[in-house]
Amino acid sequence: MASLDDLKKRIASVKSTQKITKAMKMVAAAKLRRAQESAEKGRPYSEKMNNVILNLSNGISDKENAPKLLSGTGQEKTHLCVVMTSDRGLCGGFNSNIIKKAKSYFAKILDEGKELKIITVGSKGNDQLKRVYGDKIIENISFKESKNANYFDADKVGKMVIEKFEAGEFDVCTIFYNQFKNVITQIPQAQQIIPLNNEGEENSSEESYEFEPDEDEILSNLLPKNISTQIFKAMLENSASEQGSRMSAMDNATRNAGEMVDKLTIEYNRSRQAAITKELIEIISGAESL
Amino acid sequence: MSEEFKVEIVNPEKSFLVKDDVSEVVVPAFEGEMGILKDHISIISFLKPGIIKILSKSGDENYYVEDGIVEFKNNNLSILTSTIFNLADIDKSKQQDLLKQAEEEANKTDINDQSKYLADQKVEVLKTLN
């Protein structure tokens, strides 16, 4: 059995851990509110963008010559996966959930004999993926310096993806991120952004638009922007999810630490009492034998 | 019958402005300035750097945009843009900053004609803000 001194030390250390997790939970809660707000505020933009593109692609007459970003390259040989994770740990299952989703997708692609390329956004994803898929990772981006998700960063990723697409490095692009539902639920998502996937959305309005300049030019201008917008949306959802996940993980950790302190305190008191009793017995039996 | 319609400006971060008593909006469309009144035909166009003028009963507003898309449908005007400032918020130093950035961009030699054109536009518009 551990000595009294050891127990005391352990209680102290668990207590200080609890303080840290508690503080992290508070910070995450404060950040969550901001992240959630910006995720919600960012939604109209990406929705509107989607609408406009939908209207445009319905209006386009010549599907054959549609921009490649919309219709694809006509083959599905090389897949590019953009895996978006956080830069910091201690956020529960947040990163592993995305990685799990991504890995099962990777396995499927490799099984089909297709080529796989990976871009990781956020250092945690890179850490987890480089052991198995190290040779597939072509780029690793991290935004440790920027405090909040901002459009500028998303645009950088978007431009990079488009550059690679235009260089013919891949045919299909999918992004992986966590969609924020609420504090305890985040849903890992795989969203295909190239070619644009809008099947099942046949709510084409009867109305025809006037285009200025013509459809093609608008589309070719709009599609790259849409890529950045979708990535930005994913970043916003991700940062809200990260904080939510961290908050609930830290909440659990704090509670567990509390339980542990209670248990250790009982053990400590027991052994203290046992020592006292032992001493008493020794004194009494010593006195009796006189 | 009222001659007003609704305008909504959104940027990636948030819904920037919503107004439903607008009588006319002038946007710097790619092929020239375009005034939009109520019951305009549905149109999609995109913007070049310039000034958006919003005329409404509650006062006129001017915004500086660098790029964007406009969609007008059923008397709803949506403007999607990544960079927008209220002219009232741009003071001398801010304007100089923007101008400097734009000039740097315009003086790059490794950009294509279209970006060059857009950058030149930016410089021109910013100069007129004085």
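Visitor: Which residue is the bridge partner of B:Tyr64 in β9(B)?

Guide: In this predicted model, B:Tyr64 has B:Phe85 of β9(B) as its bridge partner. The two strands involved, β6(B) and β9 (residues 84-86) of chain B, pair in the antiparallel sense, and 3 bridges join them.

Visitor: And how many bridges join β5 of chain B to β6 of chain B?

Guide: There are 5 bridges between β5 (residues 50-56) and β6 (residues 61-65) of chain B, and these strands run antiparallel. One of the residues concerned is B:Lys53, whose bridge partner in β6(B) is B:Asn62. The hairpin that β5(B) and β6(B) make has 4 residues between the strands, and B:Gly59 takes a positive phi there, near 115°.

Visitor: Which residues other than glycine have a positive phi in the loop between β7 and β8 of chain B?

Guide: B:Asn74 has a phi near 45° and B:Asn75 has one near 60°. B:Asn74 is placed in the loop between β7 and β8 of chain B, as is B:Asn75. As background, most residues other than glycine have a negative phi.

Visitor: Is B:Asn74 buried or exposed?

Guide: B:Asn74 counts as exposed, because it has 10 C-beta neighbours inside 10 Å, and the cut-off for exposed is 12 or fewer. B:Asn75 has 17 other C-beta atoms within 10 Å and is therefore partly exposed.

Visitor: Switching to the interface, how many residues of chain B are in contact with chain A?

Guide: On the chain B side there are 21 residues, in contact with 21 residues of chain A. The elements of chain B that give two or more residues to the side touching chain A are β2 (15-29), β4 (43-47), β7 (68-73) and β8 (76-80). Of the elements, β4(B) gives the most, with 4 residues. Sorted by class, that side of chain B has 10 nonpolar, 6 polar and 5 charged residues.

Visitor: Which strand of chain A pairs with β4(B), and in what sense?

Guide: Strand β6 (residues 210-212) of chain A pairs with β4(B) in the parallel sense, over 3 bridges. Within this pairing across the chains, A:Glu212 stands opposite B:Ser45 in β4(B).

Visitor: What about the sheet in chain A, what order do its strands take?

Guide: The order is β3-β2-β1-β4-β5 (chain A), an open sheet of 5 strands with mixed pairing. Its edge strands are β3 and β5 (186-194) of chain A, each of which pairs on one side only. On average, neighbouring strands of the sheet are turned by 20° against each other, with direction ignored. At the β3 end, β2(A) and β3(A) run parallel and are joined by 4 bridges, and A:Ile118 stands opposite A:Ile137 in β3(A).

Visitor: Which strands does α3(A) lie across?

Guide: Helix α3(A) lies across β1, β2, β4 (172-180) and β5 of chain A, and it runs at about 155° to β4(A). Another helix to look at is α4 (residues 123-133) of chain A, whose buried residues are A:Lys124, A:Gly125, A:Asn126, A:Gln128 and A:Leu129. Those buried residues of α4(A) pack against β1 (78-84), α3 (94-111), β2 (115-121) and β3 (137-141) of chain A.

Visitor: Which residues have the most contacts inside the largest nonpolar core?

Guide: They are A:Val82, A:Val83, A:Met84, A:Cys173 and A:Phe176, in a core of 79 residues. Helix α6 (residues 215-288) of chain A supplies the largest share of this core, 13 residues. Leaving aside residues up to four places away in sequence, A:Val82 touches A:Ile119, A:Val121, A:Val161, A:Cys173, A:Ile175 and A:Phe176. There is also a second, separate core of 6 residues, which includes B:Leu98, B:Ala102, B:Ala119 and B:Val123.

Visitor: How is chain B divided into domains?

Guide: Chain B is divided into domain 1 (5-86) and domain 2 (90-128), and the C-alpha centres of these two domains of chain B lie 21 Å apart. Between them, 7 residues of domain 1 of chain B are in contact with 5 residues of domain 2 of chain B. The domain 1 side of that contact has 4 nonpolar, 1 polar and 2 charged residues.

Visitor: Last one, which peptide bond is cis?

Guide: The bond from A:Ile194 to A:Pro195 is cis, with omega near -10°, and A:Pro195 lies in the loop between β5 and β6 of chain A.

Methods
Residues are numbered from 1 along each chain as its sequence is written. Chains are lettered from A and ligands numbered from 1 in the order in which they are written. This is a predicted model: local features need pLDDT of at least 70, side-chain atom pairs count only at pLDDT 80 or more; totals for chains, interfaces and linings use all residues. Two residues are in contact if their C-beta atoms, placed from the backbone, lie within 7 Å. Ala, Val, Leu, Ile, Met, Phe, Trp, Tyr, Cys and Pro count as nonpolar, Asp, Glu, Lys and Arg as charged, and the others, Gly among them, as polar. Two strands pair if DSSP finds at least two bridges between them. A nonpolar core is a set of buried Ala, Val, Leu, Ile, Met, Phe, Trp, Tyr and Cys residues joined through C-beta atoms within 7 Å. A residue is buried if 20 or more other C-beta atoms lie within 10 Å of its own, exposed if 12 or fewer, and partly exposed in between; C-beta atoms are placed from the backbone. Domain bounds come from an automatic or database domain assignment. Axes are lines fitted to C-alpha atoms, for helices over the stretch in contact, and angles run from 0 to 180 degrees between N-to-C directions.
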